[in-house]
Amino acid sequence: MKTINTELSRLKTLLTLYLKEYEDSITEEEALQIINDVITSHCTIKKLSIDEYLKEFPFMVKQLMEYALDIKFVTTNEGIILTNDNKETIEEKTKRLEEMKLNTSFWNQWNAYCRHMIENYHVKENVIKNLDNDTDKILLNLPIPSEEVEFTIRGLVCGFVQSGKTRNYAALINKALDLGYDIIIILAGIPVILRNQAQKRMEFDVIGIDTLTGRRIGIGEKLENASLVEPLTKRDKKEPHGTKDLNGDVGRERMRHLPPYNGNKQIIFVVKKNVEGLTALYTWLKGLPIFKSGVNKIIDQSLLIVDDEADHCSNTGEKTEKPSAINREIRKILGLFRKNALVGYTATPFANIFLDPTEGDDLFPKDFIFLMQPPINYIGPFEFHGIDYNGSVIKRMPLMRKTDELDSFNGKTIHDWNYPEYGINPSLKVAINTFLLSGAIRRLRGYGHQHCSMLIHISTSMSSHTDVKLAVEKYLDEVKNSVFSKGKENDFWEEIEKLWLEDFIGTSKEMEEIDSNKFGTTVVYDMDFHFNEIKLEIAEFLKELEGVYKINSDKDADFLDYHGFEKENGRPLKVICVGGATLSRGVTIEGLTSSYYGRNSLQVDTVLQCGRFYGYRDGYRDLVRVYANKEIQLILRMSAQVVFQLITQFKQMEKKGETPKDFGFYIEDMLQGYLKPTSKKKMRRYEAVESSFSGFASDMASFKLDDKVSEHNQNVTANFISSLGTPYNENEISWRNVESSKVIDYLLQMKISKYSRFREALLLRDYIEEVNRKFNHLKYFDVVLVKTKRTKGENDLQIGPYNVSAVKRSASFVEDDSNYAVINGGRTISGTHLKLGLTEEQRNRYDEIYPNDNSITEKKVRPIRGEHGSIIIYTFCPDHINNTLKLKSEDKLKIAPIGFHIMLPECDKYENRKTMANLVYYLKNVLGGNVV
């Protein structure tokens, strides 16, 4: 160890000399290059090879990187963005922002926020630098209000659960105020507790005034003058027994008593996503003197809405129905302003990306999507489940425990457990004991001054929360009797000692190895304690334990306020929280150590949001425990994989320079279709896609009533047919052994009706290429150009070098769209035509199996063709179509539309993959650009 410290000290000294040449911050790549130069110079002096040196000191590079980060503000973990701006525009905007930053007096709010973060939150300057860079990337997409007459901006910021999204949007709001945005509205979720939590954060981090006392707090103490932004909402004030004394949210009564706003100052609201409150806010805004009734707009003042938990309630509305009432009210408020911007924040953006980008006034993030990157000390779904941020499999953190191994419900589930009658179930008992042991160890490590919490989330049923709370309280009373009673040792201490010896010591050792690799330095979690010390600290922890809080929307629910409790009592809050839906959305559980999670949900966003155990656990990362059954742990793992898919696709798009409107996103369907990205109600525009075309048969029997489209398709068909050479059977005009790639090229050039049964040309290409490559399957097609047996001259037309007679088929308009027609309900094929393209031998085999068959089907013909696909091409008689549709003379078709029937063999080896795709991905990657 002495040698390691000596080497590190020497290299730090050398690194400091190198870094002095750089006046400003440096990038991680620059820092790495400098560190490599330092190590190379050092090895040259010591006459060692670099490989030998790094083998002896494997963590040296990472340790030096940490040092460089501390002294030189290395920019790491910066987020990535998709934006509508091109490279030149981004450079131009960046240059303008840099020039504005030279005027430090301009950034009154932002500068105060930086001082506030450093002095009150003890945030390192390199973290501030990273936050500055991230929010600048977002800010570049928000116009400067004084320089624009009109703008409408829609953006989205995605982060991980409990990863610092609130800090990011507080920083963004402070910068937006400096830019001159007049009205700020924060949409803070549904539960009252979330609105109060957000209100308090905004008072502390943006407004600088305690709205209940009027005194300066937080950022207000760092502002040279009082903050210029005026809060028009307050925290709810509650009396000790939980009765509401003051409702600080917007509402009819409150808005009625607000003074008129003339646009002479900046104002801020923190509101629930509640129809009544949003309607009252809309009415108040519309009644202001700044509203110009002539244009039905507020034209001079600008609006910024920050939508926290943007996937929740803001977008809900059935796929084929109108948006929700909340969505409608948000749109109405935005629509009042000629200058308006909305920035959503969420850890689960699935509802947002399944919005319809073609709806002009929807909340789809058309202008930018920003992906926050968590810092290295964040514990999230990837760390829990063994995935790194580049997709490699890594050792998962050994912090999850299976409740199935502890409980026996005799075929029933935890939700059938009778808590009033039986008390707590065995696994919950172990989880509580884990919490008490963790609390004691944290005290021994010197963290007794910090908040410490346990979360119990079994059900969304509020009546069950009361039952669970009472059962836990009863067990804690039993524990206290055991701990504080004099006499013999009891079962409780035996159970705690077993946890200590069989779980905690080994897990902490394992976490030391994992975190040493992760941080690039030797990590030690202090467990060098005698069990008698632990017993004493558990007793002290029990004395400090405030009890069990019920956190839900019941009238008798407890009020969770860590800061207020510490301020009032002079000590941290140590508490067990029982709840459901309220706990799963945005509520911050400080010092969360032990989580008991029994809620069964098959929606990825719900599962991730319930992961309150994700976050920052510095000093006790090894003590974190999550108790859940095998099924829930599988769902948690699958949810992590879905998040990785999202991030991977996002990064790929960012590299290509694509825009939010290009954000084609798909999710692999997991757990046999049971696990969904979000509720169907939120997925306004999505398509279910299956990758397999094994045993597939379909038709293009719909077409646009447009001669230009028909002419295009005839030309493409003529070129395709002409390229095939001499037909195998000239009488029926058919070819065999046509390479599948030629058929795919043909399909990709055709203009296919959006109402056609077959449209998935790109997806079919991917399938054929995959089965070709993996299984040497579907290499060839049989191709047929149907000529029909008609009187010579009737409906004749030329397709390439071949004369054919267009077929007469009944046509009808597509329902609700008279620009399109469909043949025979969407089918081109007639039964006898299915045998076209077969060899004589194949026809004989068919006739042997099905003698005198008058009912020819794909199921019968497919095995006869073997591993060949088939495409049977038709031309449809335009005169017959004109007559059946009774088209007016000016609308009549002159050129025969093209149709086809396609049939593929079965491929038993292919494993079907089901996905759910948003509209952009479906159009770009499934249908392609040839759908009309």
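1. The surface is a convenient place to begin: the protein chain exposes about 41600 Å², and carbon and sulfur atoms supply 47% of that area. The reader should keep in mind throughout that this is a predicted model, and that the values given here are computed from it.

2. As to the overall make-up, the protein chain contains 29 helices and 32 strands, and buried residues account for 55% of its 932 residues. Where contacts with a separation of 6 or more are considered, 78% of them in the protein chain join residues that stand 24 or more positions apart.

3. A search of the whole structure for cavities of 30 Å³ or more returns four. The second largest cavity, with a volume of about 70 Å³, has a lining of 13 residues, and those that lie nearest its centre are Phe703, Lys704, Val709, Asn713 and Lys751. The elements that contribute two or more residues to this lining are β23 (702-704) and α23 (707-722). By residue type, the lining of the second largest cavity is made up of seven nonpolar, four polar and two charged residues.

4. Gly520 deserves a separate look, and it is found in the loop between α18 (491-519) and α19 (531-544). Is Gly520 buried or exposed? Its relative accessible area is 0%, and because buried means under 20%, Gly520 counts as buried. Once neighbours within four places in sequence are left aside, the residues in contact with Gly520 are Phe59, Lys62, Gln63 and Asp515. In addition, the C-alpha atoms of Gly520 and Met65 are separated by 9.1 Å, although these two residues are 455 residues apart along the chain.

5. Arg625 is the other residue to inspect individually, and it is found in strand β19, which covers residues 625-628. With a relative accessibility of 0%, Arg625 is classed as buried, because the cut-off for that class is under 20%. What lies 2.8 Å from a polar atom of the Arg625 side chain? The backbone oxygen of Asp622 is found at that distance.

6. The surroundings of Arg625 can be listed by position in the sequence, with residues up to four places away not counted. On that basis, Arg625 touches Leu399, Arg401 and Thr434, together with Asp503, Phe504 and Thr507, and it also touches Thr593, Ser594 and Ser595.

Notes
Residues are numbered from 1 along each chain as its sequence is written. This is a predicted model: local features need pLDDT of at least 70, side-chain atom pairs count only at pLDDT 80 or more; totals for chains, interfaces and linings use all residues. Side-chain values use heavy atoms; hydrogens and water are left out. On a 1 Å grid over the protein atoms alone, a cavity is a set of points where a 1.4 Å probe fits but cannot get out, and a pocket is an open set with protein on both sides within 12 Å along at least five of seven lines; lining residues have an atom within 4 Å of a point. Grid points are joined across faces, edges and corners, and a volume is the space filled by probe spheres set on the points. Helices (H or I, at least four residues) and strands (E, at least two) are DSSP runs, numbered from the N terminus. Ala, Val, Leu, Ile, Met, Phe, Trp, Tyr, Cys and Pro count as nonpolar, Asp, Glu, Lys and Arg as charged, and the others, Gly among them, as polar. Buried means under 20% relative accessible area, exposed over 50%, partly exposed in between (1.4 Å probe, protein chains only). Contact means heavy atoms within 4.5 Å. Accessible areas come from the Shrake-Rupley method with a 1.4 Å probe; for residues, only the protein chains shown count as cover. A polar contact is a pair of N or O atoms within 3.5 Å; within protein, one must be able to donate a hydrogen and the other to accept it, and residues adjacent in sequence count only if both atoms are side-chain atoms.
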